[in-house]
Amino acid sequence: MDLIGNGEAAAETLRTMWTIRRFEEAVDEAFARGLVHGTMHLSIGQEAVPVGTCLALEDDDYITSTHRGHGHCIAKGARLDAMMAELLAKETGYCRGRGGSMHIADVATGNLGANGIVAGGVPIAAGAGLAVKMRGGSQVVVSFFGDGAVNEGAWHEGVNLAAIWDLPVIFVCENNHYGMSMSVSRAFRVKQLSERAAAYGIPGVTVDGNDPQAVHDAVAAAVARARAGEGPTLVEAMTYRWKGHSKSDKNLYRTREEIEEWRERDPIARFEERVSLSEAEIEACRAYARDRVREAIRIANAAPDASAASLTDAVYAERATLGASR
C-alpha cells in the first residue's frame with residue numbers, strides 16, 4: 001500500500017498518527033492535573049510504528065501490546081472514549097476502570113491486551129498464533145515490544161516456539177534506544193537487534209521506525225510470509241520516545257541535545273512534508289484528531305466512576321477453595 005502517494009491511505013495514516021499524538025498529550029495533561037492515578041508510559045515520537053504496522057493488517061488479525069501501548073490500541077481501531085474512560089477509572093472503560101493505562105484490551109478489534117510485564121505479550125502472541133494454526137485460520141498476530149524485552153527469557157522462548165512451529169506471528173520491536181534508562185549500546189553486543197533473528201532461523205530486518213511507509217512495507221512482507229505458512233519474522237523499527245520512561249522519569253541518563261535531535265525527526269512532520277495532500281487536507285487531518293480526542297474526553301468525564309463495591313465481580317475462586325488448596 002502506498003501511504004504517501006495514495007490520497008486516501010495518506011489521509012488515514014496522518015489522521016491516525018495525529019490522533020495518537022493528541023490522545024497522549026491529553027492524557028499527559030490529565031495526569032499533571034491529578035486525574036490519572038498510578039503511572040503512565042507515553043509513546044509520543046513513536047507514532048509511525050503502530051500506524052505503519054496496523055495498516056498492513058486485516059480487521060480480524062491480532063496484536064499484543066505493551067505498557068507503552070496507547071498507540072497500538074488506537075491504530076488497531078480502539079474507541080477513544082473507552083480508552084480515556086479506562087485511564088480516568090470510569091465504569092465505561094475497556095476494563096471498567098480497573099486496568100488503567102497498562103492493561104487495555106479490546107478483543108473486538110483483535111487487541112489481546114497491553115501488558116505491564118516486559119516481554120509479557122510475546123508468549124501470548126505465540127499462543128494466539130498456535131491457536132490460529134490449529135484452527136486452520138488465515139489470521140496473523142503482531143507482537144509489539146520494546147528493545148528491553150529482547151533480553152528477557154519470555155522473549156526467547158516465545159520467538160523460538162513461533163519459529164520451530166512456523167506460527168503466523170510478526171515480532172515488531174519498537175527500538176526507542178532505552179530500556180528504562182539502559183541504553184541499547186550497553187545492553188547488546190549486536191549492532192542491530194534484528195540480528196537476533198538468525199539464532200531462531202527466521203528473517204530479521206531493521207527499518208526507520210519514524211517512517212510509516214518503511215514500517216508498513218516491512219510488516220506487509222512479514223504478514224504475507226506468515227499467511228503463506230512460512231512462519232514468523234522479526235521487524236526492528238528504530239524510533240525514539242520524546243518523554244521519559246514513565247511519569248516519574250527525570251531523564252538524567254540522556255541529554256537535551258539528544259532529545260532535541262530526535263524531535264527534529266518527528267515522524268508526523270516528516271510525513272506531512274512527503275505526503276500527497278494539500279495543506280487544507282493536512283489541516284483537516286489535524287482537526288479530525290483534535291475533535292475526536294476532545295469528544296472522547298467529554299464522554300469519559302461524564303461517565304460514572306468505577307465502583308469499589310464490584311471489584312470482585314470477575315474473581316471466580318472462592319476463599320474456601322483457596323484455603324483448601326493450601
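Begin by selecting α1, residues 7-32, a helix of 26 residues that spans 37 Å from its first C-alpha to its last, close to the 38 Å expected at 1.5 Å a residue, where the expected span is 1.5 Å times one less than the number of residues. Helices (H or I, at least four residues) and strands (E, at least two) are DSSP runs numbered from the N terminus. The model is a predicted one, in which local features need pLDDT of at least 70 and side-chain atom pairs count only at pLDDT 80 or more, while totals for chains, interfaces and linings use all residues. Residues are numbered from 1 along each chain as its sequence is written, and side-chain values use heavy atoms, with hydrogens and water left out.

At the N-terminal end of α1, show N6, which caps the helix through a side-chain oxygen 3.1 Å from the backbone nitrogen of E8. Just after α1, select G34, which takes a positive phi of about 80 degrees.

Next, select L14, F23, M83, F271 and L277, which touch the most other members of the largest nonpolar core, a set of 45 residues. Such a core consists of buried Ala, Val, Leu, Ile, Met, Phe, Trp, Tyr and Cys residues joined through side-chain atoms within 4.5 Å, and buried means under 20% relative accessible area, exposed over 50%, and partly exposed in between, with a 1.4 Å probe and protein chains only. The elements that give two or more residues to this core include α2 (48-54), α4 (80-87) and α10 (267-274), and α1 gives the most, with 11 residues. Another core, of 26 residues, lies apart from it and has A163, L167, V169 and L234 among its members.

Centre now on L277, whose contacts (heavy atoms within 4.5 Å) are with G7, A10, A11, L14, I282 and C285, leaving aside neighbours within four places in sequence. C285 is itself buried, with a relative accessible area of 3%, and is in no disulfide, since the definition asks for two cysteine sulfur atoms within 2.5 Å and the nearest cysteine sulfur, that of C54, is 18 Å away. A search of the whole structure finds 0 disulfides.

Move to C173, which is buried at 1% relative accessible area and whose sulfur is 16 Å from the closest cysteine sulfur, in C54, too far for a bond. Display the whole of strand β3 (residues 169-175), where 7 of the 7 residues are buried, so that the strand is largely enclosed by the rest of the structure. Both faces are covered, with V169, F171, C173 and N175 buried on one side and I170, V172 and E174 buried on the other. Add strand β2 (residues 141-146), which runs parallel to β3 and is joined to it by 6 bridges, at least two being needed for DSSP strands to pair; here V142 stands opposite I170.

Finish in strand β1 (residues 62-64) by selecting T64, which is buried at 1% relative accessible area. The side chain of T64 reaches the backbone oxygen of G121 at 3.2 Å, and a polar contact of 3.3 Å joins the side chains of T64 and S143. A polar contact is a pair of N or O atoms within 3.5 Å; within protein, one must be able to donate a hydrogen and the other to accept it, and residues adjacent in sequence count only if both atoms are side-chain atoms. Also in β1 is I63, buried at 0% relative accessibility, whose C-alpha is 5.1 Å from that of N111, 48 residues apart along the chain.
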